[in-house]
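Thanks for making the time this morning. I would like to walk through the cysteines, a cavity and a helix, in that order, so please have a look at the slide as it comes up.

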Amino acid sequence: MSEKSQFQDRLLSLGLARVSEAAALASARLIGRGDEKAADQAAVNAMRDQLNLLDIKGVVVIGEGERDEAPMLYIGEEVGTGQGPEVDIALDPLEGTTLTAKDMPNALTVIAMAPRGTLLHAPDVYMDKLAIGPGLKPGTVTLAMSPSERVSALAAARGCSTEDITVCILDRPRHEDLIAEVRSTGAAIRLITDGDVAGVMHCAEPEITGIDMYMGSGGAPEGVLAAAALKCMGGQFYGRLLFRNEDEKARARKAGITNLDRVYTRDDLVRADVIFAATGVTNGSLLAGIKRDPGWVTLETILMRSKSGSIRRMIYKTPVK
């Protein structure tokens with residue numbers, strides 16, 4: 001294999017940050033404007049244009065949807081110049097379209113890249129998710145445990161009371177019983193309206209975010225992105241696909257998934273070294289949002305490589321055009 005065709009994560013990482021930044025910049029003018037579709041489309045256009053400048057043979061495995069649902073950045077779309085390594089790309093051009101439209105916290109642009117064939121091609125169905133941060137024994141918490149057992153197990157592992165544990169959960173009617181059970185342990189809950197990639201990432205830095213654990217169901221594609229982030233930051237992630245009907249099961253089989261009941265670990269979802277970049281769109285506990293000053297726009301990006309364990313926080317300041 002020639003050097004040019006190898007996955008040079010160090011060389012590709014800054015290019016990936018530029019892709020994330022371009023999407024954030026494009027959505028900046030739509031923050032608080034109430035138009036989710038326009039904000040998402042602006043991010044998609046910019047992300048695709050920037051991706052196509054990279055010297056990669058890229059295939060989108062987690063994208064905006066199936067080809068007939070998404071005109072650009074659809075699953076299976078080829079991106080890049082076609083010169084360079086073959087890579088899988090998982091992306092969410094605007095994670096939190098509603099958050100952006102309403103100028104609410106924690107909207108991000110998110111993208112991950114890994115060698116071809118190493119990211120799970122997750123179908124667009126729900127996934128039951130569970131995540132905790134680094135420094136804990138594997139299996140400290142599991143999907144087989146009840147929500148209250150997970151809180152108790154994490155508290156025991158941390159040597160603290162259940163009342164010292166904070167769990168992040170997506171605020172949805174389907175989580176009413178989950179929320180009630182977690183609260184019965186004395187644990188605190190931080191409810192989020194959208195953006196569960198950021199929700200999972202919070203677990204990796206509990207001393208900064210105040211979040212110790214993430215649980216609940218959300219989109220399976222976002223689960224792969226979250227696992228990519230935790231592979232870089234450290235932490236445990238468990239996911240199991242949830243199906244509401246036979247059509248969703250057929251979608252999973254089309255994606256090559258044969259065991260529909262499998263519990264995926266972080267390293268099942270992301271099977272090789274990965275690069276991950278996210279840029280803040282609105283202010284959040286992970287990243288600062290886009291800041292406008294006279295003549296300038298400032299963005300903050302987190303850029304991570306699992307191979308080296310490096311985490312960069314970068315400030316990008318560019319003149320307003």
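**Cysteines, a cavity and a helix**

If a disulfide is taken as a pair of cysteine sulfur atoms within 2.5 Å, the count here comes to zero disulfides. Cys 168 is in none, and the nearest cysteine sulfur, that of Cys 203, lies 6.9 Å away. This is a predicted model, in which local features need pLDDT of at least 70 and side-chain atom pairs count only at pLDDT 80 or more, while totals for chains, interfaces and linings use all residues. Residues are numbered from 1 along each chain as its sequence is written, and side-chain values use heavy atoms, with hydrogens and water left out.

Cys 168 has 0% relative accessibility and therefore counts as buried, a word I use for under 20% relative accessible area with a 1.4 Å probe and protein chains only. For Cys 232, the closest cysteine sulfur is in Cys 203, at 15 Å, which is too far for a bond; Cys 232 also counts as buried, at 6% relative accessibility.

Turning to helix H1, where helices are DSSP runs of H or I with at least four residues, numbered from the N terminus, this one covers residues 9–28 and reaches 28 Å from its first C-alpha to its last, close to the 28 Å expected at 1.5 Å a residue, that expectation being 1.5 Å times one less than the number of residues. Of its 20 residues, 15 are buried, so H1 is largely enclosed by the rest of the structure.

How values were computed
Buried means under 20% relative accessible area, exposed over 50%, partly exposed in between (1.4 Å probe, protein chains only). Helices (H or I, at least four residues) and strands (E, at least two) are DSSP runs, numbered from the N terminus.
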